[in-house]
Amino acid sequence: MKLALVLNAINPAIGGVLIRGEKGTAKSTAVRALARLLPDQDVVEGCLFGCHPEDRDALCADCQERLASGEDPLPRARRRMRVVELPINASEDRVVGTIDLEAALREGSRRFEPGVLAEANRNILYVDEVNLLDDHIVDVLLDAAAMGVNVVEREGVSVVHPARFILVGTMNPEEGELRPQLLDRFGLCVDVEGIRDLDLRVQIVEQRAGWEDDPGEFFERHSTGEYEVRSRIVEGISTFPEVSLPRSILRLIAQLSIALEVDGHRSDLVCARAAQAKAAYDRAGEVELSHVTDVAQMVFSHRLRSVPFGKGGPNLGDVITRIVGQ
């Protein structure tokens, strides 16, 4: 679970992560902790969407207007990345934002009330119990995550703004499954379960009690390890574009997709991006076989076809072992 979150932090183009597991397994805790590990951002001061002042291709309409009016360079500020949570009962207007049609008709202006997708731009969008959301809301989220923009159209009036975020969904399979079409849209998927080891369960309670007694001392005790992870993430973000991806590795990924009988080509793209991000996190200059095997389970587990009546489809672990061993 932690690795899947880190890889998406290094390269959000992986497409987010779906975390499936029983209740009380620290899914939400891990997601909220990710924000502390990510570097501060440069943003355009006063921008509703937190645009990057130097990324001219991804500026919102307001920032482009400020540039056109001569406000160059755009004023900048610093902010920490944060976790934006989507309420389980959120309406579509709350998610995508609303356009004041009365102002548009009366004044000819585009008065836009930003929604959750605007808040999430360049942040982490966390959707708890994603399987309980209406399917059309999930479609909107996944479309925005894939395109990097949010388009709102009402009565012929259109507003477009950037919506680039790290998408994290959590769910308890006991409360219902996601449709296969929606499952496939998540880049990675991991399954978590409670720990059965007696000593580790006791340690979990002791760690929690230690944090409640003295949070400052708890953070200090773990600061060295946290600093190391943060440094590797920051370094991975900067070096990721330079990591080479040999054709032999691409052939291996394609072989896995074919052997596992997954539909489409999304698995190939996601596996390549995830393996590249893992190499960057490991401070390697080239993607190697081990990087593919490290991410393969997360890439393919939710894309396997369900075979009815116990006929038995391809086994993920067996296929990976066989293909890698060739």
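Okay, starting with the lining of the largest pocket: by class, that's 18 nonpolar, 8 polar and 9 charged residues. Before I go on, keep in mind that this is a predicted model.

So where does that lining come from? Helix H9, residues 198-213, gives the most, with 8 residues. Helix H1 (2-10), helix H2 (27-37), helix H10 (215-221) and helix H11 (223-239) are also on the list of elements that each supply at least two residues. As for the space itself, we're talking about 1700 Å³ in the largest pocket. There are 35 lining residues, and the closest to the centre are Lys-2, Ala-26, Thr-29, Ala-30 and Ala-33.

Now the second largest pocket. About 1100 Å³ of space lies in there. Its lining counts 44 residues, with Asn-11, Pro-12, Ala-13, Arg-164 and Phe-165 the closest to the centre. Which elements give two or more residues to that lining? That would be H1, strand E2 (41-44), helix H7 (135-147), strand E10 (166-171) and helix H13 (266-281). If you're watching H1, note that the helix turns up in the lining of the largest pocket and in the lining of the second largest pocket. By class, the second lining splits into 25 nonpolar, 10 polar and 9 charged.

Okay, on to salt bridges. The count comes to 24, and I'll walk you through a few.

Take Glu-54 and Arg-76, whose side chains meet at 3.0 Å, N to O. This pair links distant parts of the chain, 22 residues apart: Glu-54 sits in the loop between E2 and helix H3 (61-68), and Arg-76 in strand E3, residues 76-79. Glu-54 is exposed, at 57% relative accessible area, while Arg-76 is partly exposed, at 40%. And there's a bit more going on around that pair: Asp-42, Glu-54, Arg-76 and Arg-78 are linked in a network of salt bridges.

Next, something local. Glu-226 and Arg-230 form a salt bridge at 3.2 Å, N to O. Both lie in helix H11, 4 residues apart, which is about one turn of the helix. How accessible are they? Glu-226 is partly exposed with a relative accessible area of 23%, and Arg-230 counts as partly exposed at 24%.

Staying on H11, Glu-235 pairs with Arg-283, with the closest N and O atoms 3.0 Å apart. Arg-283 is in the loop between H13 and H14 and Glu-235 is in helix H11, so this bridge ties together parts that are 48 residues apart in sequence. Both ends are partly exposed: Arg-283 has 45% relative accessible area, and Glu-235 has 32%.

Two more things on the surface. There's a nonpolar patch of about 280 Å², made by Met-147, Val-151 and Val-160. Val-151 is in strand E8, residues 149-154. Why can Val-151 be in a patch at all? Patch residues need over 30% relative accessible area and no salt bridge, and Val-151 is partly exposed, at 41%.

And then Thr-293, which sits in helix H14, residues 289-300. Buried or partly exposed? Thr-293 counts as partly exposed, at 31% relative accessibility. If you want a distance to check on screen, Thr-293 and Thr-239 are 21 Å apart in space, C-alpha to C-alpha, and 54 residues apart in sequence.

That's my tour, so over to you.

Technical notes. Residues numbered from 1 in each chain as written. Predicted model: local features only at pLDDT ≥ 70, side-chain atom pairs only at ≥ 80, totals over all residues. Heavy atoms only, no water. 1 Å grid on protein atoms, 1.4 Å probe; cavity = no way out; pocket = protein on both sides within 12 Å on 5 of 7 lines; lining within 4 Å. Points joined across faces, edges and corners; volume = space filled by probe spheres on them. Nonpolar A, V, L, I, M, F, W, Y, C, P; charged D, E, K, R; others polar. Patch = residues over 30% accessible without salt bridge, like charges linked within 9 Å, V, L, I, M, F, W, Y side chains within 5 Å. Areas by Shrake-Rupley, 256 points an atom, 1.4 Å probe, with all protein chains shown as cover. Salt bridge = Lys/Arg side-chain N within 4 Å of Asp/Glu carboxyl O. Buried < 20%, exposed > 50% of the residue type's maximum accessible area, 1.4 Å probe, protein only.
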